Amino acid sequence: MIVFALKTLRRFACVLMTAPLVSGCLFITDTSRMNADVFVKETAPVFNYNNVGSIPREPLPQTPGSINSRPPDLFRSQFQQLYGPPTTARPGPALSTAYRDRTMGYGLPVSNPLHRAMYDVLSDDGHTLPAIPYSRIDPRFLRQEVSYQTAEAPGTIVVDTRQHFLYLVQPGGKAVRYGVGLGRSGYAWSGRGAIQWKAKWPRWTPPDEMVQRQPELASISAARGGMVPGLNNPLGARALYIFKDGKDTLYRVHGTPDWQSVGKATSSGCVRMLNQDVIDLYDRVPQGAPIVVM
């Protein structure tokens, strides 16, 4: 009887000792997770399907007198990662049969948040400047800091008429670069001068020579007081007046409501800038700053 009791006690003790081990198995991660295929499937990146710019699309038919409302394929870049067609996409106008099975690219963000802040709606001295559609402007002509080696001293404005850039020289081989519109052939000015005067929301008084070429400007000639400041004023939000040897050259660095003219040669000789950019330049440049137009 005693022997039987000892054997029973020994068996019960074994059960108690092994019970934690058995119950512990219930909390061990499934070893199938170590399978490489399972791991790749569960950790693969998930991309949001965007039917605006993430896939190539067939062009819209051109309508005379209207702007094509379909944005360009801005998602593509040299940094993109390729992936297969989205499983949630439905065949239809946005995803035609020709493109349904093609590999697509997911790249950098469509817009730069910094540019969005730079060119957003701006309230200034009682005027409200509209946002500039910077996505429709060549990125080269948007405000940015660049490396720039030059013999000019920091604080000098350098206008590169060939590239349509205005540089504000900074210390350490840097410059703030802006895109500009310039004068048409025969109307441009070049040389060294100084910003003798600066003005916020200036009046525009076209020179007499311009009034002679364009008689429709007679109503806003200098004799009649010029054109009042405002959003439609050709000088825009700011004007920096270029003098040479103490004399007014009649050329200006100024803003423009015509943002599409930046990067082009369309003016009568002055240096045009986006209104938000010329405000930034105005705040950085003191009166008397040297300027070089080459």
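Me: Why is Arg252 called buried?

Reply: In this predicted model, Arg252 has a relative accessible area of 13%, and since the word buried applies to values under 20%, Arg252 is counted as buried.

Me: And what makes the contact between Asp248 and Arg252 a salt bridge?

Reply: The side chains of these two residues come to 2.7 Å, taken from N to O, and a side-chain nitrogen of Arg within 4 Å of a carboxyl oxygen of Asp is what the term requires, so the pair qualifies. Asp248 itself has a relative accessible area of 33%, which lies between the limits of 20% and 50%, and therefore Asp248 is described as partly exposed.

Me: How do you know that Asp258 and Arg272 also form a salt bridge?

Reply: Their N to O distance is 3.8 Å, and this is still within the 4 Å that the definition allows. Asp258 sits in the loop between strand 12 and strand 13 (265-267), whereas Arg272 belongs to strand 14, so the salt bridge ties together parts that are 14 residues apart in sequence. Arg272 has 17% relative accessibility and is counted as buried, while Asp258, with 33%, is partly exposed.

Me: How many salt bridges does the structure hold, and which parts of the chain does the pair of Glu152 and Arg192 link?

Reply: There are eight salt bridges in the structure. In one of them, Glu152 and Arg192 have their closest N and O atoms 2.5 Å apart; Glu152 lies in the loop between strand 5 (144-147) and strand 6, and Arg192 in strand 10, so that distant parts of the chain, 40 residues apart, are linked. Salt bridges also join Arg143, Asp277, Asp280 and Arg284 into a network.

Me: Why is Arg177 said to have no salt bridge?

Reply: The nearest side chain of opposite charge is that of Asp138, and it is 7.7 Å away, whereas a salt bridge needs a distance within 4 Å, so the condition is not met. Arg177, which is found in strand 8, is nevertheless buried. A polar atom of its side chain lies 3.2 Å from the backbone oxygen of Arg140, and the residues that Arg177 contacts, leaving aside neighbours within four places in sequence, include Arg140, Leu142, Phe165 and Leu166.

Me: What makes the pair of Phe165 and Tyr167 edge-to-face?

Reply: The search of the whole structure finds five aromatic pairs. In the pair of Phe165 and Tyr167 the ring centres are 6.0 Å apart, which is within the limit of 6.5 Å, and the planes stand at 75°, which is over 60 degrees, so the pair is edge-to-face. Both Phe165 and Tyr167 are buried.

Me: Why, then, is the pair of Trp189 and Tyr251 called stacked?

Reply: Here the centres are 6.1 Å apart and the angle between the planes is 25°; the angle is under 30 degrees, and therefore the word stacked applies. Trp189 lies in the loop between strand 9 (182-183) and strand 10 (191-200), and Tyr251 in strand 12, so this pair ties together parts that are 62 residues apart in sequence. Both residues are buried.

Me: Why is Leu129 called buried, and which residues does Leu129 contact?

Reply: Leu129, which lies in strand 4, has a relative accessible area of 2%, and this is under the 20% limit, so buried is the right word. Leaving aside neighbours within four places in sequence, the residues in contact with Leu129 include Leu122, Trp201, Leu231, Gln276 and Ile279. Leu129 and Gln276 are 147 residues apart in sequence, yet their C-alpha atoms are 8.1 Å apart in space.

Me: How do you know that helix 5 is mostly covered, and what does helix 5 give to the largest nonpolar core?

Reply: Eight of the ten residues of helix 5 are buried, among them Gln276, Val278, Ile279 and Leu281. The largest nonpolar core has 27 residues, of which Ile157, Leu166, Leu240, Val253 and Leu281 touch the most other members. Helix 5 gives the most to this core, with four residues.

Conventions. Residues numbered from 1 in each chain as written. Predicted model: local features only at pLDDT ≥ 70, side-chain atom pairs only at ≥ 80, totals over all residues. Heavy atoms only, no water. Core = buried A, V, L, I, M, F, W, Y, C linked by side-chain atoms within 4.5 Å. Buried < 20%, exposed > 50% of the residue type's maximum accessible area, 1.4 Å probe, protein only. Helix = DSSP H or I, 4+ residues; strand = E, 2+ residues; numbered from the N terminus. Lys, Arg positive; Asp, Glu negative; His and termini not counted. Polar contact = N/O pair within 3.5 Å; in protein donor to acceptor, adjacent residues only side chain to side chain. Contact = heavy atoms within 4.5 Å.
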